[in-house]
Amino acid sequence: MDFTLSKEHQMARTLFKEFAEKEIKPYAQEIDEEERFPAEALEKMRKYKFMGIPYAKELGGAGCDTLTYEMCIEEICKVCATTGTMLSAHTSLGTWPIVKYGTPEQKAKYLPKLCTGEYLGAFALTEPNAGTDSSAQQTKAVLDGDHYVINGSKIFITNGGYADTYIVFAMTDKSKGNHGISAFIVEKTFPGFSVGKKEKKMGIRGSSTCELIFNNCIVPKENLLGQEGKGFVVAMTTLDNGRVGIAAQALGIAEGALDETVKYVNERKQFGRPLSKFQNTQFEIADMATKVKAAQLLMYRAAVAEDTQKVYSEEAAMAKLYCASTAMDVTTRCLQLHGGYGYTREYPIERMMRDAKITEIYEGTSEVQKMVIAKYALK
Amino acid sequence: MDIQEYKGVYVFIQQVDNQVAGVSHELLGKAKELAAKMETEVTAILLGSGVSALCADLASYGADKIVMVDNKDLELYSTKPYAYAMCSVIEKYKPAVVLYGATAIGRDLAPRVAARVRTGLTADCTKLDVADDGTKNLRMTRPAFGGNIMATIVCPEYRPQMATVRPGVMQKIKPVADAKVPVDNLAVAIPASEKDVEILDVVKKESHKMDIQDAKILVSGGRGMGCPENFGILEDCAKTLGGTVSSSRACVDAGWVEKDIQVGQTGKTVRPNLYLACGISGAIQHLAGMEESDVIIAVNKDEGAPIFEVADFGVVGDATKIIPLFTEEVKKALAERKK
Amino acid sequence: MNIVVCIKQVPNTNEVKLDPKTGTLIREGVPSIINPDDKAGLEAALRLKDAQGAHVTVLSMGPPQADAALREALAMGADEAVLVTDRAFGGADTWATAHTIAAALKKLPFDLIITGRQAIDGDTAQVGPQIAENLNLPNISYAEDIKVEGDYVTVKRQFEDRYHIVKVKMPCLITALSELNEPRYMTPGGIFDAYRAKEVKVITRQDLDVQDGDIGLKGSPTRVVQTFTKSPKAAGTLVNNLNPQEAAEYMLEKLREKFII
């Protein structure tokens with residue numbers, strides 16, 4: 001067992017770190033304040049081919065692997081979780097299902113554009129009455145000759161309004177519950193598709209989170225992704241993969257908060273000495289550093305499992321559960337070490353704490369992760 | 001190579017538009033001191049076209065002798081023609097030491113000459129001395145690792161011993177009026193093969209400002225000034241004090257100010273009578289360029305800023321608030337004096 | 001067009017710190033980077049490649065670890081990489097370094113050689129012009145802009161107070177300034193290709209037509225006889241309890257004390 005990264009992974013990490021520091025960090029606060037989509041970052045990530053990192057070159061991707069991609073999310077989220085969310089929703093949720101389930105024609109049509117970032121991807125499963133319980137889907141798709149007609153709405157859709165393609169789930173046979181769900185590739189230009197209300201959120205405020213409305217939306221038959229009625233499997237496997245991305249995001253937030261705090265406690269003096277000289281500070285930092293490292297090991301294990309194992313639901317769930325709770329815990333404790341300054345927007349800690357919370361909720365709440373883990377643990 | 005054959009301290013005189021560069025005067029001053037220790041003479045090497053009028057100036061700044069190559073091909077600086085002329089001088093006169101200013105010209109010419117005559121060259125020296133171990137070798141000291149360490153270098157087995165020297169470091173002598181020295185007019189024909197670079201145009205940089213290396217008082221701004229607009233505060237202060245504005249690298253990198261006013265390792269070395277550092281934290285690279293200033297006053301919000309370690313007087317506070325008040329105080333003081 | 005860019009792997013001197021107790025340089029843990037001027041030179045070459053097509057080779061002389069700098073250059077878009085490495089080259093000063101690199105360059109096809117102006121660890125700016133001298137090529141130092149038309153290169157050559165616009169026929173050597181451009185990032189895919197699909201060609205002593213007396217420490221005319229850290233100036237006075245007006249008055253008083261006004 002070897003815990004050192006290969007040279008290419010080390011170099012990729014250096015790249016992501018420098019890119020995040022120079023190209024993303026300067027906008028992070030502004031994007032949060034203004035609740036603005038990180039368009040500058042997207043443009044640069046396109047230019048440097050960050051939009052299809054884990055996918056094969058033949059598909060238009062960079063030809064790297066999942067670990068490299070997750071390290072990219074991790075490094076970006078150290079400075080701006082909003083930007084990480086955009087990239088992760090695009091790559092893990094908007095692109096992955098086509099890589100995994102797309103027909104050769106679908107792959108040829110969409111992947112080169114998604115992997116270069118010419119198209120931004122998104123994923124639409126959640127509905128007002130169907131969160132964790134996806135079988136309660138009310139959006140319906142009816143086959144009509146050479147096309148499906150979709151009616152209904154989706155909420156909380158990341159990259160909504162900015163994405164060019166959406167992986168949309170809809171009931172083709174309501175009577176079968178989860179086995180009646182089908183997946184579709186919907187382009188933003190399809191007739192009957194529109195973007196509704198934009199959510200105002202506590203954290204990742206620059207990430208666009210929207211309602212999608214399908215009003216007799218016409219989707220060509222060839223845009224059915226996977227078989228009819230197999231949408232639930234598409235959704236669940238996509239979420240397994242997406243969860244590793246959220247784990248990476250949560251980990252990045254925790255690491256970013258810890259980095260800021262180490263800097264702060266070395267500079268800030270009280271009672272004539274830096275905070276870092278007080279034992280409480282030392283114990284807090286030591287404890288957090290250990291948790292962050294444990295979170296990183298779980299996340300990396302899940303990322304490697306994704307490329308080497310057929311099923312990695314347990315690894316993904318554990319990584320997401322632990323990284324998310326670490327992010328929440330570490331940002332809260334880091335803010336405490338910052339004292340009053342941490343509560344102000346002059347320092348990034350309060351933003352990181354707000355950003356951390358979502359990682360315990362989306363792409364399966366922490367409770368859902370525990371359900372998955374328990375299934376394996378109680379076998 | 002019989003190094004005993006090589007004698008004399010020679011200085012490459014940099015002239016542009018028939019104006020001698022300040023660093024060349026400084027080097028003549030330093031060469032005089034070195035020549036005294038080596039018991040030899042100082043020779044100025046003057047290259048150019050129609051430059052004979054400059055000889056009197058060189059004599060007054062300490063040259064004992066002048067070797068002049070006056071040639072139309074040397075009117076504008078170009079690497080290979082100048083290198084050819086320098087090598088011709090070195091071959092004929094066999095100098096023990098040749099000094100160049102560490103300028104955009106000197107740092108281009110000297111390495112090419114060193115490669116051609118097969119000798120050592122030490123770049124960007126800040127200190128020159130003569131070894132007291134009997135060899136009388138030139139000891140050349142220069143900063144390395146971004147100014148973090150100093151290295152002393154010798155060139156024991158090859159001649160001439162060559163160095164480029166940072167402008168602003170050495171002291172020129174007080175010019176001697178009416179000094180007259182012998183001038184050797186060396187005829188050098190530059191071969192066509194050396195003239196393979198064509199100069200299409202000469203474009204002067206727009207600059208109305210005093211060169212920060214010539215200023216007696218520098219009001220210098222760093223990142224702590226907050227924004228480019230706040231440099232107006234410094235301009236006002238500098239004007240009142242009769243100085244000029246300089247800057248740290250951070251402000252140049254941020255695009256607030258022009259590169260030519262940057263002080264430090266990658267900028268210019270300055271040695272004014274007063275260096276007023278405003279909102280400059282004092283990275284070691286910056287300190288390397290200004291710590292020889294006579295008096296350093298630093299204003300910075302951060303009590304732990306390294307600039308305070310070199311400052312004679314440090315004030316913890318916000319420069320953007322203090323400097324305008326300070327400027328007013330100076331104005332008042334000057335007005336009172338006039339009364 | 002064949003372009004060779006000479007690059008040096010250097011410690012990031014911005015991150016070099018002094019041991020406060022011993023005053024010595026802490027080199028441990030200091031990351032290595034491609035020297036900034038060299039990286040600008042590489043970017044200039046890659047832009048020429050993008051605009052008009054060129055084969056870009058990067059060459060570095062250094063210890064085996066310099067491999068990482070070359071892989072980074074490949075990941076940015078260079079086509080080929082050459083590492084000039086041998087214990088026999090160790091201890092070289094600029095004369096011997098330039099002589100060795102020039103000998104290695106003779107093994108490669110080139111129309112244009114680009115080097116950085118100077119390396120941030122040594123700051124000498126000597127190796128570029130000295131390579132040109134060894135190869136008997138014209139050199140243009142301090143390039144702020146490079147244009148290639150046919151067999152000719154036009155360069156905006158920087159001086160302190162002016163520019164020369166110069167034109168020279170290739171082959172020639174240009175030294176680049178970091179102000180020349182903003183170098184591109186690597187791409188993730190480029191990194192994987194650099195390690196998994198490309199090779200770094202190694203040139204050693206025996207591949208080169210050089211004399212032992214002209215390489216390494218033996219071939220170096222200069223000798224470092226002493227290194228030391230600068231002794232810090234005695235600390236002055238620091239005041240931290242004045243309001244802005246008091247501070248302004250304090251500063252004026254000090255100027256008077258020192259007879260500055």
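**Chain contacts, sheets and helix packing in a predicted model**

Q: In chain C, what percentage of the contacts with a separation of 6 or more comes from residues 24 or more positions apart?
A: The structure is a predicted model. Among the contacts of chain C with a separation of 6 or more, those between residues 24 or more positions apart make up 70%.

Q: How many helices and strands does the secondary structure of chain C come to?
A: Chain C has 261 residues, of which 52% count as buried. Along the principal axes, its C-alpha atoms fill a box of roughly 65 × 40 × 40 Å. The secondary structure of this chain comes to six helices and 15 strands.

Q: Which residues of strand S8 of chain C lie on each side of the strand, and are they buried or exposed?
A: In a regular strand, side chains alternate between the two faces of the sheet. Five of the five residues of S8(C), residues 112–116, are buried, so the strand is largely enclosed by the rest of the structure. One side carries C:Leu112, C:Ile114 and C:Gly116, the other carries C:Ile113 and C:Thr115, and all of these are buried.

Q: Which residue is the bridge partner of C:Cys6 in S8(C)?
A: Strand S1 of chain C, residues 2–6, pairs with S8(C) in the parallel sense over four bridges. Within this part of chain C, the partner of C:Cys6 in S8(C) is C:Thr115.

Q: Which residue of S12(C) does C:Gly116 stand opposite?
A: S8(C) also pairs with strand S12 of chain C, residues 172–176, in the parallel sense over five bridges. The residue of S12(C) opposite C:Gly116 is C:Ala176.

Q: Between which chains are the most contacts found?
A: Chain A and chain B have no contact, and their closest C-alpha atoms lie 9 Å apart. Of the two pairs of chains that touch, the one with the most contacts is chains B and C.

Q: How do the residues of the side of chain B that touches chain C divide into nonpolar, polar and charged?
A: In this interface, 67 residues of chain B are in contact with 68 residues of chain C. On the side of chain B, the residues divide into 37 nonpolar, twelve polar and 18 charged.

Q: Which residue in S14(C) does B:Ile153 stand opposite?
A: Strands pair through backbone hydrogen bonds, either parallel or antiparallel. Strand S10 of chain B (residues 149–154) and strand S14 of chain C (residues 223–228) run antiparallel and are joined by five bridges. Opposite B:Ile153 in S14(C) stands C:Val224.

Q: Which strands are the edge strands of the open sheet of six strands?
A: The sheet has parallel pairing and the order S15(B)-S14(B)-S16(B)-S17(B)-S18(B)-S15(C). Each edge strand pairs on one side only, and the two are S15 of chain B (244–247) and S15 of chain C (237–239). From one strand to the next, the twist averages 20°.

Q: Which residue in S18(B) does B:Ile297 stand opposite?
A: Strand S17 (residues 295–300) and strand S18 (residues 313–316), both of chain B, run parallel and are joined by four bridges. The residue of S18(B) opposite B:Ile297 is B:Phe313.

Q: What angle does the direction of helix H6 of chain C make with that of S18(B)?
A: Helix H5 of chain B, residues 231–241, packs on the sheet and touches S14, S15 and S16 of chain B, with a direction at about 170° to that of S14(B). Helix H6 of chain C, residues 244–257, also packs on the sheet, touching S17 and S18 of chain B together with S15 of chain C. The angle between the directions of H6(C) and S18(B) is about 175°.

Q: How are H1(A) and H2(A) oriented to each other?
A: Helix H1 (residues 7–34) and helix H2 (residues 39–47) of chain A pack with their axes 9 Å apart, at an angle of about 165°. H1(A) passes H2(A) in a left-handed crossing. Angles over 145 degrees count as roughly antiparallel, and H1(A) and H2(A) are therefore roughly antiparallel.

Q: Which residues of H1(A) and H2(A) make the contact?
A: By class, the contact of H1(A) with H2(A) has three nonpolar, no polar and three charged residues. These are A:Glu23, A:Ile24 and A:Tyr27 of H1(A), with A:Glu40, A:Ala41 and A:Lys44 of H2(A).

Q: How are H8(A) and H11(A) oriented to each other?
A: The axes of helix H8 (residues 313–338) and helix H11 (residues 366–377) of chain A come within 9 Å and cross at roughly 140°. H8(A) passes H11(A) in a left-handed crossing. The two helices, H8(A) and H11(A), are therefore oblique to each other.

Terms used. Residues numbered from 1 in each chain as written. Chains lettered and ligands numbered in written order. Predicted model: local features only at pLDDT ≥ 70, side-chain atom pairs only at ≥ 80, totals over all residues. Contact = placed C-beta atoms within 7 Å. Nonpolar A, V, L, I, M, F, W, Y, C, P; charged D, E, K, R; others polar. Pairing = 2+ DSSP bridges. Axes fitted to C-alpha atoms, helices over the stretch in contact; angles between N-to-C directions. Parallel < 35°, antiparallel > 145°, perpendicular 65-115°, else oblique. Left-handed = near helix turned anticlockwise from the far one by under 90°. Buried ≥ 20, exposed ≤ 12 C-beta atoms within 10 Å, placed from the backbone.
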